[in-house]
Amino acid sequence: IDTCLSAEVFTLHFQSPAFDATGRLEIVAQEDKTKLLKAAFLQYCRKDIVNAQSMVVELFPSNADLDPDAELDRAVAQISVDLMDDYPASDPRWAESVPEEAAGFSNTSLILLHQLEDKTKAHSFFIEFLHQVGVFERLGSFPVRGIPMATRLLLCEHAEKLAAAIVLKNHHSRLPDLVNAAILIALNKRECDIPPGLTPADVFFREVSQIDSIFECLLEEEEQILKDMPIESIEWAQIVVNVNNIIKDMLQAACQFRQSRASLYKTGELPEREPEYIPWTASSGLRTAIIRQHGIILKMVYPQVDSNLRSIVAEQLVALLDCFLDGYVSQLKSVDRPADQERYSNVEMEYVQKRSGLLSPLLSLGQYQMAAALAEKYCDFDILVQMCEQTDNQARLQRYMSQFAEQNFSDFLFRWYLEKGKRGKLLSQPIAQHGQLASFLQAHEHLSWLHEINSQDLQKAHRTLQTLANMETRYFAKKKTLLGLSKLAALASDFSEDILQEKIEEISEQERFLLHQETLPEQLLAEKQLNLNDMPVLSASQLIDMYICDENRRANEYDFKKALDLLEYIDEEEEVDVNDLKLKILCKALQRDGWSSSEGKDDPIEASKDSIFVKILQKLLKEGVQLSEYLPEVKDLLQANELGNLKCNAYFEFVLKANYELYVQGQ
């Protein structure tokens, strides 16, 4: 911008008569620094760059002990707002409405659109000034909408609002009734008086910083017209088209400015040190307005209009949603750093929920192309998978796997199939996806063995099944099935004979242990209300307790012998003393028979030959067990608390010692 334009577009007035821009700053050292920075800016506008530079250095020395940055940010932000909200002092209608304290940059244009364009030029010149005098690099943050924002981004926001205001003014020329009605609503909400001789548009467009208040007001006017006007009239749907266009064009102008001029608003400050960034186009009020318009379009208008209008409003809606989602992306990028992971997760969760809620209705209405455009741009894989499933478009799914390979689309698809119970589709992927599927299934072993069998990798299927069987504790029947399948996979594989034999023996040993649970007495299971099909896998000590418990009323020597056999499966981690447990089993066996008298029999061996205890001894002898090493000492057995009343039974002691003499000592 040349000197002539600078002088024409803005002039600067100060209330302090003592101030001379070329004089010494000490005279007005206590003056408001904002006014002084404005003075430096004016010097710059007059091409007096050296003097402007020296004024800024003295105003905001970089080595100040105090906190100059806060004052600098405050002054820069205020001047930028003053430029944006400048009064058109050259307009005689405003003569009595310009407050004295507002003396600042005076706009010389009379036409509203030109005023906005001049403000845009002034803003650009101000940014150039900040860069040239070395201030821009030192900008920090400033409170906006209740939270801190990087001052550089606030300056960009001001330019974006000017761009949006110009778009709104152009719509105002084409649709004066609609925009004027919304402007009146906005001014009434702000309790803003309209001075004599001025129009509501004059007042509204002067204060560009409040331009975003128009969105909610457009929706209120739209809803009122939809309510008052008959559905059959042409204007009924046209009002929605018009409101969509205004909001869409304003937001797009702002977003396009932000993206195309980003380099102008960059500083040397590391982004990690900047506050969270929520663009004004993504403020809570604007997000609410877009969600509200989304409902108006899809619930009220879309079902009532013809296919041509449906296409128009659907395209407009896509553009609105694009702006909505882009705001979340900007916000997420600003907190994508280690120190803000919790905040990032919370924003991302909100974003994903909103994104799904806004895009899903497009699928329901069959607007697949438009849903796909947004879902692809914003990586909403759930929408993309749903769309492909609804349209049975497997080719498109395969394309997405390649297109979004770095974002792990394949993993998302496989997980989606898993969660939806579509295991058939999961396991019937094309050969090209087998590698990715195998990687995914490593974390889902309960399915990976099916893929391994399908891929003829039977050795791996055997190992996977065996691992699953070893991990299974919840269901006995499932563990037994997994072991059986593991054995079948091993037999069908190409293991060498020696390795195969070793693996089969290992599985058989586990099956032998499970047989103890499988052969629990039916009466006992019924008594305890248990069923083998949904029982958990019992440990060795739990099975022993089952076999020797009082509820196993029909227990015989076989049950107690199984309990003794289970001692070899006691795991060291169970922290159970095997000898103590063996003593308990034998005591429980002894308690099963009556030892009150000889019933006329003088021979203790003859008297006890049908007892469970003696039958257990006979079974152990048949198996070649060395009883003297296997059984506890007779005195230890007689002193065991588990014997209960038998400890005091002399006849029982006589018979027990006699059997020990016969079977243990006589072996």
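This passage describes the overall makeup of a predicted model, its nonpolar cores and one of its helices. Local features are reported at pLDDT of at least 70 and side-chain atom pairs at pLDDT 80 or more, while totals for chains, interfaces and linings use all residues. Residues are numbered from 1 along each chain as its sequence is written, and side-chain values use heavy atoms, with hydrogens and water left out.

The protein chain folds into 32 helices and two strands (DSSP runs, numbered from the N terminus: H or I of at least four residues for helices, E of at least two for strands). Of its 667 residues, 48% are buried (under 20% relative accessible area, 1.4 Å probe, protein chains only). Among contacts (heavy atoms within 4.5 Å) with a separation of 6 or more, 65% link residues 24 or more positions apart.

A natural next stop is the interior. The largest nonpolar core (buried Ala, Val, Leu, Ile, Met, Phe, Trp, Tyr and Cys residues joined through side-chain atoms within 4.5 Å) holds 96 residues, and Leu168, Phe204, Phe205, Ile214, Met250 and Phe409 have the most contacts inside it. Helix H10 supplies the largest share of this core, with 13 residues. Apart from this core lies another of 62 residues, including Leu514, Met535, Ala555 and Tyr630.

Helix H11 spans residues 284-301 and reaches 25 Å from first to last C-alpha, close to the expected 26 Å (1.5 Å times one less than its number of residues). Its buried residues, among them Leu286, Ile290 and His294, pack against H9 (214-228), H10 (234-260), H12 (307-334) and H13 (341-364).

Notes. Buried means under 20% relative accessible area, exposed over 50%, partly exposed in between (1.4 Å probe, protein chains only).
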